[in-house]
Amino acid sequence: MAKSTSKLLVLLFISTFSASVFMSGSFASSLEDEAAASIERAEDSMFSAYQVVLKAEQVGANVSALLGRLNEAGELLDEAQVAFRLRSYDEAVRLADLCFEIGEETKDRADELRADVYGSKVMSDWLTMTCSLASVIAIGFGSFWGWRVFKRRYYQRVLRMKPEVAKDEF
Amino acid sequence: MNFEEYRTVFVTGSLVLMLIAAAPALSLIIALPDGSERFSELWLLGPNHMAEDYPFNVGVNETYSVFVGVGNHMGDLMCYLVYVKFRNQTEPLPNATASEPSPVRPLYEFRAFVADGDTWEKPLAFSVLEASHNGDSMFVDRLSINDVVFVVNASTRWDSEYKGFYYQLFFELWLYNMASQSFQYHDRFVGIWLNMTSS
């Protein structure tokens with residue numbers, strides 16, 4: 001009876017110990033997965049923000065403030081990656097989440113800025129095109145009119161001229 | 001001047017004026033290539049922000065600093081990644097002919113968004129925290145970069161030609177590729193040789 005009880009106790013101890021080892025392993029693995037997912041999400045957010053900032057820059061927006069925010073996000077992501085490599089998964093998640101927030105905020109701001117600048121750029125481009133075209137037409141008509149006036153005066157001047165014959169030429 | 005010459009002058013003058021007036025509209029339609037070369041710079045400066053006094057003879061628990069910088073001349077806003085790597089003399093450097101990075105795993109990394117014509121620079125402080133010396137072998141266990149501790153487990157042998165235990169701290173430049181949506185090695189690296197003097 002005592003022998004079977006001790007066996008049962010040993011078995012219970014072994015199963016409890018192996019369960020705790022298994023549980024801690026799977027807990028660490030889930031933390032690692034969570035940290036990896038957070039980093040991936042932060043990275044996606046930061047690069048989509050970068051693409052929107054790039055488009056805003058290409059339409060002529062001043063993106064220096066947004067660039068500063070992107071660099072902040074980049075630094076946080078660097079730290080998150082380093083923390084992940086050093087197995088500080090909680091810290092990696094915290095830093096990646098901060099990076100994600102900055103990425104999303106920057107993306108929204110860049111989108112707004114791009115829309116504003118794009119609207120005013122389209123207006124200014126239309127104005128430039130219209131003024132330029134109007135100037136070309138005005139110069140064309142002006143030249144044509146000027147040429148006709150010049151031609152008329154030229155003929156009048158020629159017709160008013162009296163032919164003279166110089167003696168020495170004969 | 002006869003009448004024909006007057007007409008030529010008039011027509012030429014009008015066309016020149018029309019071309020000048022059309023130039024702003026044409027500049028919106030026709031994009032002329034600027035012809036400048038596209039490239040990126042990667043540099044390393046010593047502790048005094050000059051290309052001198054680089055750390056060379058390195059002792060345990062001593063802190064050394066350098067500055068790593070990137071210059072963007074790619075014509076657009078770019079996203080760079082700088083990997084910091086540590087190797088001994090036998091581990092490979094990046095392959096310049098094949099444009100391949102070093103297979104040595106990165107310890108630290110910097111991401112930088114740099115506008116065209118702009119530069120980016122960061123300080124980097126490093127120290128060897130643990131190293132052991134056994135005959136003609138040196139073993140560096142732990143290294144700290146910007147206060148983050150890394151286990152490196154890098155060993156090197158005595159270099160009888162240059163008389164020292166040499167390691168190299170080097171920096172690789174990677175560039176974000178929009179098409180593949182990933183970083184690609186940008187074929188640039190800089191590094192400094194470190195001679196472990198004490199353990």
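**Entry 1: B:Asn146.** I began with B:Asn146, which is partly exposed, having 16 other C-beta atoms within 10 Å. I note that 20 or more such atoms would be needed for a residue to be called buried, and 12 or fewer for exposed, so the count of 16 places B:Asn146 in between. The model I am reading is predicted. I located B:Asn146 in the loop that joins strand 7 (137-145) to strand 8 (148-157) of chain B. I then looked up its backbone: phi of B:Asn146 is near 45°, a positive value in a residue other than glycine. I record for context that most residues other than glycine have a negative phi.

**Entry 2: B:His49.** I looked for another positive phi and found B:His49, at about 65°, although B:His49 is not a glycine. I placed B:His49 in the loop between strand 1 (39-45) and strand 2 (57-58) of chain B. I counted 13 C-beta neighbours inside 10 Å, and B:His49 is therefore partly exposed.

**Entry 3: domains of chain B.** I found chain B divided into domain 1 (1-32) and domain 2 (39-196). I computed 58 Å between the centres of domain 1 and domain 2 of chain B, taken over C-alpha atoms.

**Entry 4: contact between the chains.** I find 26 residues of chain A in contact with 24 residues of chain B. On the side of chain A that touches chain B, helix 1 (2-58), helix 2 (64-85) and helix 3 (89-160) of chain A each supply at least two residues. I note that helix 3 of chain A gives the largest share of that side, 12 residues. By class, I find 14 nonpolar, nine polar and three charged residues on the side of chain A that touches chain B.

**Entry 5: nonpolar core.** I looked up the largest nonpolar core, which has 71 residues. The residues with the most contacts inside this core are A:Val53, A:Ala80, A:Ala92, A:Ala96, A:Cys99, B:Tyr80 and B:Val82. I followed A:Ala80 further: leaving aside its neighbours within four places in sequence, A:Ala80 is in contact with A:Ile39, A:Ala42, A:Ala92, A:Leu95, A:Ala96 and A:Cys99.

**Entry 6: confidence in chain A.** I noted an average pLDDT of 86 for chain A, with 84% of the residues scoring at least 70. In chain A, I find confidence lowest in helix 1 of chain A, at a mean of 78, and highest in helix 2 of chain A, at 93. I add the reminder that predicted coordinates should not be read in detail where pLDDT is low.

Terms used. Residues are numbered from 1 along each chain as its sequence is written. Chains are lettered from A and ligands numbered from 1 in the order in which they are written. This is a predicted model: local features need pLDDT of at least 70, side-chain atom pairs count only at pLDDT 80 or more; totals for chains, interfaces and linings use all residues. Two residues are in contact if their C-beta atoms, placed from the backbone, lie within 7 Å. Helices (H or I, at least four residues) and strands (E, at least two) are DSSP runs, numbered from the N terminus. Ala, Val, Leu, Ile, Met, Phe, Trp, Tyr, Cys and Pro count as nonpolar, Asp, Glu, Lys and Arg as charged, and the others, Gly among them, as polar. pLDDT is the predictor's confidence in each residue, from 0 to 100. A nonpolar core is a set of buried Ala, Val, Leu, Ile, Met, Phe, Trp, Tyr and Cys residues joined through C-beta atoms within 7 Å. Domain bounds come from an automatic or database domain assignment.
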